[in-house]
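Work through the exercises below with the sequence and the model side by side, trying each task before reading the solution that follows.

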Amino acid sequence: MSYVDEVIAQVIEKNPSQPEFHQAVKEVLDSLRLVIEQNEDAYRKDALLERLVTPERQLIFRVPWVDDKGQVQVNTGYRVQFNSAIGPYKGGIRLHPSVNLGIIKFLGFEQVFKNSLTGLPIGGGKGGSDFDPKGKSDREVMAFCQSFMTELSKYIGADTDVPAGDIGTGAREIGYMFGQYKRLQNRYEGVLTGKGLSYGGSLARTEATGYGLLYLVEEMMKCHGEEMTGKTVVVSGAGNVAIYAIQKAQQMGAKVVTCSDSTGWIYDPEGIDVDLLKEVKEVRRARLTEYAAARESAVYTQGRGVWAIPCDIALPCATQNELLIDDAKQLVAGGCKAVAEGANMPTTLDATAYLQENGVLFVPGKASNAGGVATSALEMTQNSERLSWSFEEVDSKLQNIMINIYHNIDNAAKKYGKEGNYVVGANIAGFEKVVSAMNAQGIV
């Protein structure tokens, strides 16, 4: 049995009932076989892969809080500090009922490679809780966030671990967490990113993941002789990433005709009205039925179906494992030329393989959605310097980072004879930097 297969088997055996983590490890290690086999004896002796797939620290803690009826509720909090070889742990906090240790580990593992690809000095981590902020009052959300941070504050810091937002954790939640951290630690430091502009946040952070996704897609299309102008784009999701991906795609001259939420999806052949979508989702915090009710050209359908719409480019921006093998077949049949992940691992392994086999340009989330964490790292820099950069300055840096990521993954794929395979290219490019730092620092 090869070293890669041994480690994959060990991960499955030692981490039962964590299918998302198994999937992430298998996807990465399978695509790294070319590199690992060239150094197998040395890597095996140093247990390099075992160290790579094992978090440096895993924290699980209870989060008690009192709801508006006076009833005590108890949730579970997580922080997985996966790898600090190239910098302090960096990764978001996800608040969603589906959160468990396996999902946080998969996200943290992916974050190691994503953060490496940005070229910035940040390691990989992730956190969260099974708390659901939907339907909760501001006071209840504050009570949860303060309790969550009371425990988490013992393990994070500006030079140790810098969490950010993720699904369910927006500006409101980050604000409550930052206030509690400051109160407990008596320090005003850049310990969280995604903060409000009045207390150390960065301009362009809200837009960064969606904008960054399109900067990479635009560069990739250009390098394949295509322009964004006139392209039809389908997008899943209606959260932060999806909204600003739609906005940037339409600024580039493309037409985005879909979006979705947890109950259904919109098809709008005239192009998604971003202002209306932001009003429905960011202001009213409502369902997409209200978008359809306010826009005559829009059709709302319950359930799934975004990928059935013929398109040139598909951008899955909702959640993990949302684009399945049958969806991939629909995209290929509909003439799709490119798929770039805006969410973390939204495409299943068999769907990814089908898209690649049928000539679709496919970019994994660790490369294409790295704009968010890259801008978080830029926020950390501004906090350290006690400076605030203009929107244009941050946006320009973000664009350069995403263009560089595309060329780095493209070059890595070509170097190992896998031209056009951006999954292999992203994993190799991220891996090589992390491994170089791990080797330099010894067995720690």
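Contact here means heavy atoms within 4.5 Å, and helices (H or I, at least four residues) and strands (E, at least two) are DSSP runs, numbered from the N terminus. The model is predicted, and for that reason local features need pLDDT of at least 70 and side-chain atom pairs count only at pLDDT 80 or more, whereas totals for chains, interfaces and linings use all residues. Residues are numbered from 1 along each chain as its sequence is written, and side-chain values use heavy atoms, with hydrogens and water left out.

**Exercise 1. Helix H7**

Task: check the span of helix H7 against the expected value, and find which elements its buried residues pack against.

Solution. The expected span of a helix is 1.5 Å times one less than its number of residues. Helix H7 covers residues 138-152, and its 15 residues should therefore span 21 Å, which agrees with the 21 Å between its end C-alpha atoms.

Next, apply the burial classes: buried means under 20% relative accessible area, exposed over 50%, and partly exposed in between, with a 1.4 Å probe and protein chains only. The buried residues of H7 are Glu140, Val141, Ala143, Phe144, Cys145, Ser147, Phe148, Met149 and Leu152. These buried residues pack against strands S1 (57-66), S2 (72-83), S3 (89-95), S4 (123-129) and S5 (161-164), and also against helix H8 (171-185).

**Exercise 2. Glu189**

Task: decide whether Glu189 is buried or exposed, and list what it touches.

Solution. Glu189 is placed in the loop between H8 and helix H9 (208-223). Its relative accessibility is 18%, so Glu189 counts as buried. Not counting residues up to four places away in sequence, Glu189 touches Gly157, Ala158, Phe178 and Tyr181. With the side chain of Tyr181, the side chain of Glu189 makes a polar contact of 2.4 Å; such a contact is a pair of N or O atoms within 3.5 Å, where within protein one must be able to donate a hydrogen and the other to accept it, and residues adjacent in sequence count only if both atoms are side-chain atoms.

**Exercise 3. The five-stranded sheet**

Task: give the strand order of the open sheet of five strands and identify the strands at its edges.

Solution. Two strands pair if DSSP finds at least two bridges between them. The order is S7-S6-S11-S12-S13, with parallel pairing. Strand S7 (255-256) and strand S13 (361-363) stand at the edges with a single partner strand each, so one side of each has no neighbour in the sheet. Helix H9 packs on this sheet, touching strand S11 (313-316), strand S12 (338-340) and S13, and its direction makes about 155° with that of S11; axes are lines fitted to C-alpha atoms, for helices over the stretch in contact, and angles run from 0 to 180 degrees between N-to-C directions.

Turning to one edge, strand S6 (residues 232-236) is joined to S7 by two bridges, and the two run parallel. Val233 stands opposite Val256 in S7.

**Exercise 4. Salt bridges**

Task: state how many salt bridges the structure holds, and place the pair Arg33 and Asp5 and the pair Glu379 and Lys195 within the chain.

Solution. A salt bridge is a side-chain nitrogen of Lys or Arg within 4 Å of a carboxyl oxygen of Asp or Glu, and the structure holds 27 of them. Arg33 forms one with Asp5, the closest N and O atoms being 2.6 Å apart. Arg33 lies in helix H3 (residues 33-38) and Asp5 in helix H1 (residues 3-14), so the pair ties together parts that are 28 residues apart in sequence.

In the second pair, Glu379 forms a salt bridge with Lys195, with 2.8 Å between the closest N and O atoms. Glu379 belongs to helix H16 (residues 371-385) and Lys195 to the loop between H8 and H9, 184 residues apart. Glu379 counts as buried at 0% relative accessibility, and Lys195 counts as buried at 7%. Finally, salt bridges that share partners join Asp5, Lys26, Asp30 and Arg33 into one network.

**Exercise 5. Met438**

Task: locate Met438 and determine which residues are in contact with it.

Solution. Met438 is found in helix H18 (residues 422-440), and at 9% relative accessibility it counts as buried. Leaving aside neighbours within four places in sequence, Met438 is in contact with Leu48, Arg51, Leu52, Asn83 and Ala85. The C-alpha atoms of Met438 and Ser84 are separated by 8.9 Å, although these residues are 354 residues apart along the chain.
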